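Biologist: I should like to understand how the terms used for a structure follow from its atoms. May I ask you to take me through one example?

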Amino acid sequence: MNTESEKEQFLKEFGSDYGYANAPKNIDEIRATEFKRLNDTVYLDHAGATLYSESQMEAVFKDLNSTVYGNPHSQSSCSLASEDIVGKARQQVLSFFNASPREYSCIFTSGATAALKLVGETFPWSSNSSFMYSMENHNSVLGIREYALSKGAAAFAVDIEEGTHVGESESPKSNLKLTQHHIQRRNEGGVLKEGMTGNAYNLFAFPSECNFSGRKFDPNLIKIIKEESERVLESSQYCRGCWLVLIDAAKGCATNPPNLSKFKADFVVFSFYKLFGYPTGLGALIVRNDAAKLMKKTYFSGGTVAAAIADVDFFKRREGVEEFFEDGTISFLSIAAIQHGFKIINMLTTSSIFRHTTSIAAYVRNKLLALKHENGEFVCTLYGLLSSEMGPTVSFNMKRPDGTWYGYREVEKLATLAGIQLRDVFAILVLVLNILVCHTWIFFQILRLGMCAGMIVTFYMENQLEQSEYLLVTCQHSKMP
Ligand SMILES: Cc1ncc(COP(=O)(O)O)c(C=O)c1O
(Lines give C-alpha, C1' and ligand atoms only; values in the text may rest on other atoms or scores of the structure.)
Protein backbone atom coordinates (compact mmCIF):
# COMPACT_ATOMS: atom_id res chain seq x y z
CA MET A 1 0.00 0.00 0.00
CA ASN A 2 1.45 3.34 -1.00
CA THR A 3 0.58 5.36 2.08
CA GLU A 4 1.61 8.76 0.68
CA SER A 5 -0.72 8.57 -2.29
CA GLU A 6 -3.39 6.95 -0.07
CA LYS A 7 -3.19 9.96 2.23
CA GLU A 8 -3.45 12.35 -0.72
CA GLN A 9 -6.49 10.51 -2.00
CA PHE A 10 -8.04 10.55 1.48
CA LEU A 11 -7.40 14.27 1.93
CA LYS A 12 -8.93 15.00 -1.45
CA GLU A 13 -12.10 13.26 -0.35
CA PHE A 14 -12.25 14.10 3.37
CA GLY A 15 -9.79 16.98 3.84
CA SER A 16 -12.40 19.45 5.02
CA ASP A 17 -13.55 17.07 7.77
CA TYR A 18 -10.22 15.64 8.85
CA GLY A 19 -7.74 17.16 11.26
CA TYR A 20 -9.40 20.12 13.07
CA ALA A 21 -8.06 22.75 10.67
CA ASN A 22 -9.93 25.55 12.47
CA ALA A 23 -9.14 24.54 16.05
CA PRO A 24 -6.23 26.01 18.09
CA LYS A 25 -4.38 22.70 17.60
CA ASN A 26 -4.59 20.43 14.57
CA ILE A 27 -4.64 16.65 14.81
CA ASP A 28 -0.86 16.21 14.56
CA GLU A 29 -0.28 18.78 17.30
CA ILE A 30 -2.93 17.20 19.49
CA ARG A 31 -1.39 13.77 19.11
CA ALA A 32 2.12 15.14 19.74
CA THR A 33 1.27 17.24 22.80
CA GLU A 34 -1.82 15.78 24.45
CA PHE A 35 -1.33 12.07 23.80
CA LYS A 36 2.47 11.67 23.60
CA ARG A 37 2.31 8.64 25.88
CA LEU A 38 0.75 6.74 22.99
CA ASN A 39 3.97 6.83 20.95
CA ASP A 40 3.30 4.25 18.23
CA THR A 41 0.43 2.53 20.03
CA VAL A 42 -2.50 1.99 17.68
CA TYR A 43 -5.32 2.57 20.13
CA LEU A 44 -8.65 1.89 18.45
CA ASP A 45 -10.74 0.71 21.39
CA HIS A 46 -12.54 3.96 22.09
CA ALA A 47 -15.81 2.03 22.24
CA GLY A 48 -14.27 0.42 25.32
CA ALA A 49 -12.75 3.56 26.84
CA THR A 50 -11.48 6.85 25.49
CA LEU A 51 -8.17 8.34 26.60
CA TYR A 52 -7.56 11.36 28.79
CA SER A 53 -5.42 14.17 27.43
CA GLU A 54 -2.25 15.26 29.22
CA SER A 55 -3.21 18.87 29.91
CA GLN A 56 -6.48 17.57 31.40
CA MET A 57 -4.60 15.49 33.97
CA GLU A 58 -2.16 18.32 34.75
CA ALA A 59 -5.14 20.59 35.42
CA VAL A 60 -6.78 17.94 37.63
CA PHE A 61 -3.59 17.55 39.73
CA LYS A 62 -3.19 21.30 40.01
CA ASP A 63 -6.80 21.73 41.06
CA LEU A 64 -6.72 18.97 43.68
CA ASN A 65 -3.34 20.10 45.01
CA SER A 66 -4.46 23.68 45.44
CA THR A 67 -8.06 23.39 46.68
CA VAL A 68 -9.47 21.80 49.83
CA TYR A 69 -12.68 19.99 48.94
CA GLY A 70 -14.84 18.76 51.86
CA ASN A 71 -17.91 16.56 51.94
CA PRO A 72 -20.61 18.50 50.04
CA HIS A 73 -23.22 17.48 52.62
CA SER A 74 -21.43 19.41 55.39
CA GLN A 75 -21.57 23.16 55.92
CA SER A 76 -17.90 24.18 56.23
CA SER A 77 -16.23 26.46 53.70
CA CYS A 78 -14.37 23.45 52.28
CA SER A 79 -17.75 21.74 51.84
CA LEU A 80 -19.09 24.80 50.11
CA ALA A 81 -16.16 24.60 47.67
CA SER A 82 -17.35 21.08 46.78
CA GLU A 83 -20.97 22.10 46.60
CA ASP A 84 -19.99 24.93 44.28
CA ILE A 85 -17.91 22.74 41.96
CA VAL A 86 -20.61 20.03 41.90
CA GLY A 87 -23.25 22.63 41.00
CA LYS A 88 -21.07 23.95 38.18
CA ALA A 89 -20.42 20.42 36.95
CA ARG A 90 -24.16 19.71 36.80
CA GLN A 91 -24.65 22.87 34.72
CA GLN A 92 -21.78 21.95 32.43
CA VAL A 93 -23.23 18.50 31.83
CA LEU A 94 -26.69 19.90 31.11
CA SER A 95 -25.34 22.44 28.67
CA PHE A 96 -23.33 19.68 26.95
CA PHE A 97 -26.69 18.09 26.14
CA ASN A 98 -28.29 21.47 25.43
CA ALA A 99 -30.70 20.81 28.29
CA SER A 100 -32.34 23.64 30.20
CA PRO A 101 -31.97 23.30 34.00
CA ARG A 102 -35.62 24.29 34.24
CA GLU A 103 -36.52 21.16 32.33
CA TYR A 104 -33.76 18.67 33.17
CA SER A 105 -31.59 17.62 36.12
CA CYS A 106 -28.19 15.97 36.18
CA ILE A 107 -27.90 13.06 38.60
CA PHE A 108 -24.39 11.74 39.18
CA THR A 109 -23.99 7.97 39.26
CA SER A 110 -21.08 5.56 39.16
CA GLY A 111 -21.52 5.07 35.41
CA ALA A 112 -23.98 4.53 32.57
CA THR A 113 -24.90 1.10 33.92
CA ALA A 114 -25.70 2.49 37.38
CA ALA A 115 -27.84 5.18 35.74
CA LEU A 116 -29.74 2.55 33.76
CA LYS A 117 -30.23 0.47 36.89
CA LEU A 118 -31.57 3.53 38.69
CA VAL A 119 -34.16 4.06 35.96
CA GLY A 120 -35.16 0.38 36.07
CA GLU A 121 -35.40 0.39 39.86
CA THR A 122 -37.45 3.54 40.21
CA PHE A 123 -39.63 3.40 37.08
CA PRO A 124 -43.37 3.29 37.91
CA TRP A 125 -43.91 -0.20 36.47
CA SER A 126 -47.31 -1.85 36.67
CA SER A 127 -48.69 -5.03 35.18
CA ASN A 128 -50.06 -2.90 32.35
CA SER A 129 -46.67 -1.39 31.52
CA SER A 130 -44.44 -2.29 28.58
CA PHE A 131 -40.68 -2.13 28.36
CA MET A 132 -39.72 -1.86 24.72
CA TYR A 133 -36.12 -1.65 23.51
CA SER A 134 -34.30 -1.75 20.21
CA MET A 135 -32.66 -5.08 19.35
CA GLU A 136 -29.34 -3.26 19.14
CA ASN A 137 -28.80 -2.45 22.77
CA HIS A 138 -26.18 -2.94 25.45
CA ASN A 139 -26.75 -5.64 28.09
CA SER A 140 -26.93 -2.90 30.69
CA VAL A 141 -30.16 -1.76 29.04
CA LEU A 142 -31.50 -5.31 28.81
CA GLY A 143 -31.03 -5.60 32.58
CA ILE A 144 -33.91 -3.13 33.07
CA ARG A 145 -36.12 -5.95 31.81
CA GLU A 146 -35.72 -7.74 35.16
CA TYR A 147 -37.40 -4.86 36.98
CA ALA A 148 -40.16 -4.64 34.38
CA LEU A 149 -40.88 -8.38 34.32
CA SER A 150 -40.76 -8.70 38.09
CA LYS A 151 -43.52 -6.10 38.35
CA GLY A 152 -45.67 -8.04 35.87
CA ALA A 153 -44.96 -5.73 32.94
CA ALA A 154 -44.45 -6.95 29.38
CA ALA A 155 -41.04 -6.66 27.71
CA PHE A 156 -40.18 -6.89 24.05
CA ALA A 157 -37.46 -5.95 21.59
CA VAL A 158 -38.12 -4.14 18.33
CA ASP A 159 -36.22 -3.91 15.06
CA ILE A 160 -36.08 -0.34 13.89
CA GLU A 161 -35.94 0.27 10.17
CA GLU A 162 -35.52 3.74 8.81
CA GLY A 163 -36.60 4.64 5.32
CA THR A 164 -34.59 7.81 4.87
CA HIS A 165 -31.83 9.95 6.25
CA VAL A 166 -31.59 10.20 10.02
CA GLY A 167 -30.41 13.27 11.81
CA GLU A 168 -31.51 16.33 13.61
CA SER A 169 -34.34 17.43 11.34
CA GLU A 170 -37.37 18.38 13.36
CA SER A 171 -40.05 16.45 11.53
CA PRO A 172 -40.49 12.84 12.58
CA LYS A 173 -40.08 10.26 9.87
CA SER A 174 -43.35 8.66 8.94
CA ASN A 175 -41.65 5.83 7.09
CA LEU A 176 -39.82 4.56 10.14
CA LYS A 177 -40.83 0.95 10.78
CA LEU A 178 -40.84 -0.94 14.08
CA THR A 179 -41.11 -4.72 14.06
CA GLN A 180 -42.03 -6.26 17.37
CA HIS A 181 -40.29 -9.41 18.61
CA HIS A 182 -42.18 -11.82 20.83
CA ILE A 183 -43.66 -10.55 24.09
CA GLN A 184 -41.94 -11.66 27.27
CA ARG A 185 -43.97 -11.90 30.47
CA ARG A 186 -43.14 -13.58 33.71
CA ASN A 187 -46.57 -13.67 35.18
CA GLU A 188 -49.35 -14.69 32.82
CA GLY A 189 -51.84 -13.44 35.39
CA GLY A 190 -50.63 -9.99 34.47
CA VAL A 191 -51.80 -10.15 30.85
CA LEU A 192 -53.20 -6.83 29.77
CA LYS A 193 -56.86 -6.26 30.16
CA GLU A 194 -58.48 -4.28 27.35
CA GLY A 195 -59.24 -0.72 28.33
CA MET A 196 -57.04 -0.83 31.43
CA THR A 197 -53.85 0.41 29.87
CA GLY A 198 -54.56 4.12 29.66
CA ASN A 199 -52.78 5.05 32.91
CA ALA A 200 -49.82 2.73 32.52
CA TYR A 201 -46.32 4.08 32.10
CA ASN A 202 -44.20 2.43 29.44
CA LEU A 203 -40.50 2.76 28.78
CA PHE A 204 -38.76 2.72 25.41
CA ALA A 205 -34.95 2.49 25.35
CA PHE A 206 -32.54 2.85 22.46
CA PRO A 207 -28.85 3.75 22.07
CA SER A 208 -27.90 7.00 20.36
CA GLU A 209 -25.26 4.90 18.66
CA CYS A 210 -24.83 1.13 18.70
CA ASN A 211 -21.52 0.26 20.35
CA PHE A 212 -21.22 -2.81 18.15
CA SER A 213 -22.12 -1.71 14.64
CA GLY A 214 -21.67 2.05 14.87
CA ARG A 215 -25.23 2.55 13.63
CA LYS A 216 -26.69 5.87 14.73
CA PHE A 217 -30.34 5.97 15.75
CA ASP A 218 -32.74 8.68 14.74
CA PRO A 219 -33.52 11.02 17.68
CA ASN A 220 -36.93 11.58 16.08
CA LEU A 221 -37.78 8.18 17.58
CA ILE A 222 -38.52 10.01 20.82
CA LYS A 223 -41.36 12.03 19.35
CA ILE A 224 -42.61 9.14 17.26
CA ILE A 225 -42.89 6.80 20.23
CA LYS A 226 -44.41 9.42 22.48
CA GLU A 227 -46.98 10.61 19.96
CA GLU A 228 -47.49 7.85 17.43
CA SER A 229 -46.95 4.60 19.29
CA GLU A 230 -50.33 3.22 18.11
CA ARG A 231 -49.40 3.78 14.47
CA VAL A 232 -45.82 2.51 14.58
CA LEU A 233 -46.74 -0.49 16.70
CA GLU A 234 -49.77 -1.17 14.51
CA SER A 235 -52.25 -0.85 17.38
CA SER A 236 -50.61 -3.62 19.36
CA GLN A 237 -52.23 -3.83 22.80
CA TYR A 238 -48.79 -3.18 24.28
CA CYS A 239 -48.53 0.31 22.82
CA ARG A 240 -51.13 2.01 24.99
CA GLY A 241 -50.49 4.30 27.93
CA CYS A 242 -47.87 6.97 28.42
CA TRP A 243 -44.44 6.43 26.89
CA LEU A 244 -41.24 7.65 28.48
CA VAL A 245 -38.07 7.42 26.41
CA LEU A 246 -34.53 6.59 27.48
CA ILE A 247 -31.44 7.20 25.34
CA ASP A 248 -28.34 5.20 26.15
CA ALA A 249 -25.73 7.74 25.06
CA ALA A 250 -22.78 5.83 26.54
CA LYS A 251 -21.33 5.25 23.10
CA GLY A 252 -22.79 8.11 21.10
CA CYS A 253 -22.24 11.04 23.45
CA ALA A 254 -18.57 11.52 22.60
CA THR A 255 -19.24 12.58 19.04
CA ASN A 256 -22.95 13.24 18.93
CA PRO A 257 -24.53 14.09 22.29
CA PRO A 258 -28.34 14.04 22.15
CA ASN A 259 -29.68 17.57 21.79
CA LEU A 260 -32.29 17.77 24.54
CA SER A 261 -33.60 21.17 23.55
CA LYS A 262 -34.88 19.61 20.32
CA PHE A 263 -35.39 15.98 21.23
CA LYS A 264 -37.08 15.70 24.59
CA ALA A 265 -35.98 12.33 25.91
CA ASP A 266 -36.98 11.61 29.50
CA PHE A 267 -33.71 9.92 30.44
CA VAL A 268 -30.18 10.03 29.01
CA VAL A 269 -27.34 7.97 30.48
CA PHE A 270 -23.60 8.01 29.87
CA SER A 271 -20.19 7.55 31.55
CA PHE A 272 -17.48 10.24 31.61
CA TYR A 273 -14.60 7.92 30.72
CA LYS A 274 -16.29 7.41 27.33
CA LEU A 275 -16.13 11.18 26.78
CA PHE A 276 -12.64 12.14 27.93
CA GLY A 277 -11.05 9.09 29.55
CA TYR A 278 -10.97 10.31 33.15
CA PRO A 279 -12.47 9.98 35.71
CA THR A 280 -13.64 6.40 35.61
CA GLY A 281 -16.40 5.32 38.00
CA LEU A 282 -18.50 8.39 37.24
CA GLY A 283 -21.50 8.75 35.00
CA ALA A 284 -24.76 10.61 34.92
CA LEU A 285 -28.46 10.24 34.43
CA ILE A 286 -30.01 13.28 32.82
CA VAL A 287 -33.66 13.20 33.76
CA ARG A 288 -36.54 15.36 32.64
CA ASN A 289 -37.92 16.95 35.81
CA ASP A 290 -41.49 15.94 34.94
CA ALA A 291 -40.39 12.34 34.50
CA ALA A 292 -38.47 12.45 37.79
CA LYS A 293 -41.74 13.22 39.60
CA LEU A 294 -43.16 9.87 38.43
CA MET A 295 -40.29 7.77 39.75
CA LYS A 296 -40.74 5.63 42.86
CA LYS A 297 -37.90 5.22 45.29
CA THR A 298 -37.86 2.84 48.26
CA TYR A 299 -34.43 3.46 49.77
CA PHE A 300 -33.44 6.59 51.65
CA SER A 301 -29.97 7.45 52.81
CA GLY A 302 -27.40 9.99 54.02
CA GLY A 303 -27.69 13.31 52.29
CA THR A 304 -30.91 12.38 50.51
CA VAL A 305 -33.07 12.73 53.65
CA ALA A 306 -34.06 15.87 55.54
CA ALA A 307 -34.91 13.79 58.63
CA ALA A 308 -35.18 10.14 59.72
CA ILE A 309 -35.96 8.66 63.16
CA ALA A 310 -34.26 5.45 64.28
CA ASP A 311 -37.07 3.93 66.36
CA VAL A 312 -40.07 5.28 64.47
CA ASP A 313 -41.11 4.41 60.93
CA PHE A 314 -40.60 7.97 59.74
CA PHE A 315 -38.35 9.75 57.29
CA LYS A 316 -38.67 12.84 55.14
CA ARG A 317 -36.90 13.14 51.80
CA ARG A 318 -35.18 16.30 50.67
CA GLU A 319 -36.98 18.14 47.92
CA GLY A 320 -34.44 18.23 45.06
CA VAL A 321 -34.44 15.84 42.11
CA GLU A 322 -30.70 15.20 42.62
CA GLU A 323 -31.19 14.29 46.28
CA PHE A 324 -34.04 11.97 45.37
CA PHE A 325 -31.76 9.85 43.19
CA GLU A 326 -28.25 10.23 44.63
CA ASP A 327 -27.65 7.93 47.59
CA GLY A 328 -24.83 8.75 49.98
CA THR A 329 -21.90 11.03 49.26
CA ILE A 330 -21.37 11.63 45.57
CA SER A 331 -17.92 11.20 44.11
CA PHE A 332 -17.14 14.89 44.53
CA LEU A 333 -13.42 14.76 43.68
CA SER A 334 -14.16 12.96 40.43
CA ILE A 335 -16.94 15.43 39.73
CA ALA A 336 -14.46 18.27 40.32
CA ALA A 337 -12.28 16.75 37.59
CA ILE A 338 -14.82 16.83 34.78
CA GLN A 339 -14.48 20.56 34.07
CA HIS A 340 -10.92 19.79 32.92
CA GLY A 341 -12.11 17.00 30.63
CA PHE A 342 -14.62 19.24 28.91
CA LYS A 343 -11.83 21.70 27.96
CA ILE A 344 -10.46 19.64 25.09
CA ILE A 345 -13.95 18.72 23.88
CA ASN A 346 -14.93 22.39 23.89
CA MET A 347 -11.71 23.40 22.20
CA LEU A 348 -12.22 20.95 19.33
CA THR A 349 -16.06 20.85 19.48
CA THR A 350 -18.07 17.64 19.27
CA SER A 351 -19.12 18.38 15.70
CA SER A 352 -15.47 18.62 14.57
CA ILE A 353 -14.58 15.47 16.50
CA PHE A 354 -17.53 13.79 14.80
CA ARG A 355 -16.44 14.91 11.31
CA HIS A 356 -12.82 14.01 11.96
CA THR A 357 -13.49 10.54 13.32
CA THR A 358 -16.26 9.60 10.91
CA SER A 359 -14.09 10.61 7.95
CA ILE A 360 -11.46 8.09 9.06
CA ALA A 361 -14.13 5.46 9.72
CA ALA A 362 -15.73 5.99 6.28
CA TYR A 363 -12.33 5.64 4.63
CA VAL A 364 -11.58 2.43 6.53
CA ARG A 365 -15.01 1.00 5.67
CA ASN A 366 -14.47 1.64 1.95
CA LYS A 367 -11.03 0.07 2.01
CA LEU A 368 -12.14 -2.99 3.95
CA LEU A 369 -15.10 -3.52 1.65
CA ALA A 370 -12.78 -3.47 -1.36
CA LEU A 371 -10.22 -5.88 0.12
CA LYS A 372 -10.08 -9.13 -1.89
CA HIS A 373 -8.23 -12.44 -1.76
CA GLU A 374 -6.13 -13.53 -4.72
CA ASN A 375 -9.05 -15.70 -5.88
CA GLY A 376 -11.28 -12.62 -6.09
CA GLU A 377 -13.32 -13.38 -2.95
CA PHE A 378 -13.98 -10.48 -0.61
CA VAL A 379 -12.17 -10.61 2.73
CA CYS A 380 -14.41 -8.57 5.04
CA THR A 381 -18.04 -8.48 6.08
CA LEU A 382 -19.01 -5.18 7.65
CA TYR A 383 -21.89 -4.55 10.04
CA GLY A 384 -24.38 -1.72 10.36
CA LEU A 385 -24.03 -0.62 6.74
CA LEU A 386 -27.76 -0.55 6.11
CA SER A 387 -28.30 2.43 8.34
CA SER A 388 -28.21 5.86 6.77
CA GLU A 389 -25.80 7.43 9.24
CA MET A 390 -22.81 5.86 10.92
CA GLY A 391 -20.65 6.84 13.85
CA PRO A 392 -16.87 6.46 14.11
CA THR A 393 -17.02 2.70 14.68
CA VAL A 394 -16.15 0.04 12.13
CA SER A 395 -17.25 -3.45 12.94
CA PHE A 396 -16.21 -6.30 10.69
CA ASN A 397 -15.44 -9.98 10.29
CA MET A 398 -12.83 -11.56 8.06
CA LYS A 399 -13.15 -14.59 5.81
CA ARG A 400 -10.54 -16.93 4.37
CA PRO A 401 -10.32 -17.43 0.56
CA ASP A 402 -12.56 -20.53 0.89
CA GLY A 403 -15.30 -18.46 2.52
CA THR A 404 -14.80 -19.78 6.08
CA TRP A 405 -14.56 -17.27 8.92
CA TYR A 406 -11.44 -16.54 10.82
CA GLY A 407 -11.95 -17.84 14.36
CA TYR A 408 -11.87 -15.40 17.20
CA ARG A 409 -8.59 -16.77 18.50
CA GLU A 410 -6.96 -16.09 15.14
CA VAL A 411 -8.28 -12.55 15.11
CA GLU A 412 -7.18 -12.05 18.68
CA LYS A 413 -3.68 -13.29 17.81
CA LEU A 414 -3.57 -11.08 14.76
CA ALA A 415 -4.49 -7.97 16.76
CA THR A 416 -2.06 -8.83 19.56
CA LEU A 417 0.85 -9.50 17.20
CA ALA A 418 0.20 -6.28 15.34
CA GLY A 419 -0.14 -4.35 18.62
CA ILE A 420 -3.55 -2.97 17.74
CA GLN A 421 -5.77 -2.19 20.72
CA LEU A 422 -9.32 -3.00 19.71
CA ARG A 423 -12.55 -4.29 21.21
CA ASP A 424 -12.31 -7.73 22.80
CA VAL A 425 -12.98 -10.20 20.05
CA PHE A 426 -14.83 -12.72 22.19
CA ALA A 427 -17.23 -10.04 23.33
CA ILE A 428 -17.73 -9.12 19.69
CA LEU A 429 -18.49 -12.71 18.84
CA VAL A 430 -21.30 -12.69 21.37
CA LEU A 431 -22.57 -9.33 20.15
CA VAL A 432 -22.45 -10.30 16.48
CA LEU A 433 -24.42 -13.40 17.19
CA ASN A 434 -26.83 -11.60 19.47
CA ILE A 435 -27.71 -9.33 16.62
CA LEU A 436 -27.45 -11.63 13.64
CA VAL A 437 -28.57 -15.03 14.77
CA CYS A 438 -32.19 -15.59 15.61
CA HIS A 439 -31.94 -19.23 16.53
CA THR A 440 -30.63 -19.95 20.01
CA TRP A 441 -29.33 -23.41 19.10
CA ILE A 442 -27.24 -22.08 16.23
CA PHE A 443 -26.05 -19.31 18.51
CA PHE A 444 -24.66 -21.76 21.05
CA GLN A 445 -23.13 -24.04 18.42
CA ILE A 446 -21.28 -21.17 16.82
CA LEU A 447 -20.25 -19.91 20.21
CA ARG A 448 -18.98 -23.34 21.24
CA LEU A 449 -17.03 -23.89 18.06
CA GLY A 450 -15.68 -20.34 17.98
CA MET A 451 -16.42 -20.35 14.26
CA CYS A 452 -16.57 -16.67 13.62
CA ALA A 453 -15.10 -13.56 15.09
CA GLY A 454 -14.84 -9.93 14.37
CA MET A 455 -13.17 -6.72 15.27
CA ILE A 456 -14.63 -3.46 16.45
CA VAL A 457 -12.44 -0.44 15.94
CA THR A 458 -13.58 2.98 17.07
CA PHE A 459 -11.78 6.18 16.19
CA TYR A 460 -11.68 9.20 18.46
CA MET A 461 -10.20 12.65 18.76
CA GLU A 462 -6.52 11.73 18.82
CA ASN A 463 -6.56 9.21 15.96
CA GLN A 464 -4.71 10.13 12.80
CA LEU A 465 -5.03 8.58 9.39
CA GLU A 466 -1.76 6.75 10.09
CA GLN A 467 -3.38 4.44 12.67
CA SER A 468 -6.14 3.51 10.24
CA GLU A 469 -3.52 2.82 7.55
CA TYR A 470 -1.74 0.53 9.98
CA LEU A 471 -4.97 -1.34 10.62
CA LEU A 472 -5.61 -1.68 6.88
CA VAL A 473 -2.08 -2.92 6.18
CA THR A 474 -2.46 -5.47 8.98
CA CYS A 475 -5.75 -6.74 7.51
CA GLN A 476 -4.18 -6.83 4.05
CA HIS A 477 -1.23 -8.90 5.25
CA SER A 478 -3.39 -11.19 7.29
CA LYS A 479 -5.47 -12.39 4.35
CA MET A 480 -3.23 -15.41 4.10
CA PRO A 481 -4.89 -18.71 3.18
C1 LIG B 1 -23.88 1.60 24.50
C2 LIG B 1 -23.38 1.31 25.89
N3 LIG B 1 -24.24 1.31 26.90
C4 LIG B 1 -23.87 1.07 28.17
C5 LIG B 1 -22.57 0.78 28.46
C6 LIG B 1 -22.18 0.51 29.88
O7 LIG B 1 -21.39 1.57 30.32
P8 LIG B 1 -20.58 1.52 31.69
O9 LIG B 1 -19.78 0.26 31.64
O10 LIG B 1 -19.75 2.74 31.62
O11 LIG B 1 -21.54 1.54 32.79
C12 LIG B 1 -21.61 0.74 27.44
C13 LIG B 1 -20.22 0.37 27.71
O14 LIG B 1 -19.45 -0.04 26.89
C15 LIG B 1 -22.02 1.03 26.11
O16 LIG B 1 -21.16 1.05 25.10
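Biologist: Which residues are around the ligand?

Modeller: This is a predicted model. The residues around the ligand are Gly 111, Ala 112, Thr 113, His 138, Ser 140, Pro 207, Asn 211, Asp 248, Ala 250, Lys 251, Ser 271 and Gly 283.

Biologist: How do you know which of the residues in that shell are nonpolar, polar or charged?

Modeller: Each residue is assigned by its type: Ala and Pro count as nonpolar, Asp and Lys as charged, and Gly as polar. On that basis the shell holds three nonpolar, seven polar and two charged residues.

Biologist: What makes a residue of helix H2 buried?

Modeller: A residue is called buried if 20 or more other C-beta atoms lie within 10 Å of its own. In H2, which spans residues 27-34, Ile 27, Ile 30 and Glu 34 are the buried residues. They lie on the same side of H2, because they cover an arc of only 70° around the axis. In general, an α-helix has 3.6 residues a turn, so residues three or four places apart point the same way.

Biologist: Which exposed residues does the face of H2 turned away from its buried side carry?

Modeller: That face carries Asp 28 and Thr 33. A residue counts as exposed if 12 or fewer other C-beta atoms lie within 10 Å. The cover over the buried residues of H2, by contrast, includes helix H3 (54-66), helix H12 (332-348) and helix H13 (350-370).

Biologist: How do you know that strand S3 and strand S4 pair?

Modeller: Pairing requires at least two bridges. Five bridges join S3 (residues 130-134) to S4 (residues 154-161), and the two run parallel. Ser 134 stands opposite Val 158 in S4. The criterion is also met by S4 and strand S5 (residues 177-180), which run antiparallel and are joined by four bridges. Here Glu 161 stands opposite Lys 177 in S5.

Biologist: What is the order of the strands in the open sheet?

Modeller: The eight strands follow the order S2-S9-S8-S7-S6-S3-S4-S5, with mixed pairing.

Biologist: Why are strand S2 and S5 called edge strands?

Modeller: S2 (104-109) and S5 each pair on one side only, and this makes them the edge strands. Neighbouring strands of the sheet are turned by 25° against each other on average, direction ignored.

Biologist: Which strands does helix H4 touch where it packs on the sheet?

Modeller: H4 (residues 77-96) touches S2 and strand S9 (283-288), and its direction makes about 115° with that of S2.

How values were computed
Residues numbered from 1 in each chain as written. Predicted model: local features only at pLDDT ≥ 70, side-chain atom pairs only at ≥ 80, totals over all residues. Near = placed C-beta within 6 Å. Arc of directions from axis to C-beta. Contact = placed C-beta atoms within 7 Å. Axes fitted to C-alpha atoms, helices over the stretch in contact; angles between N-to-C directions.
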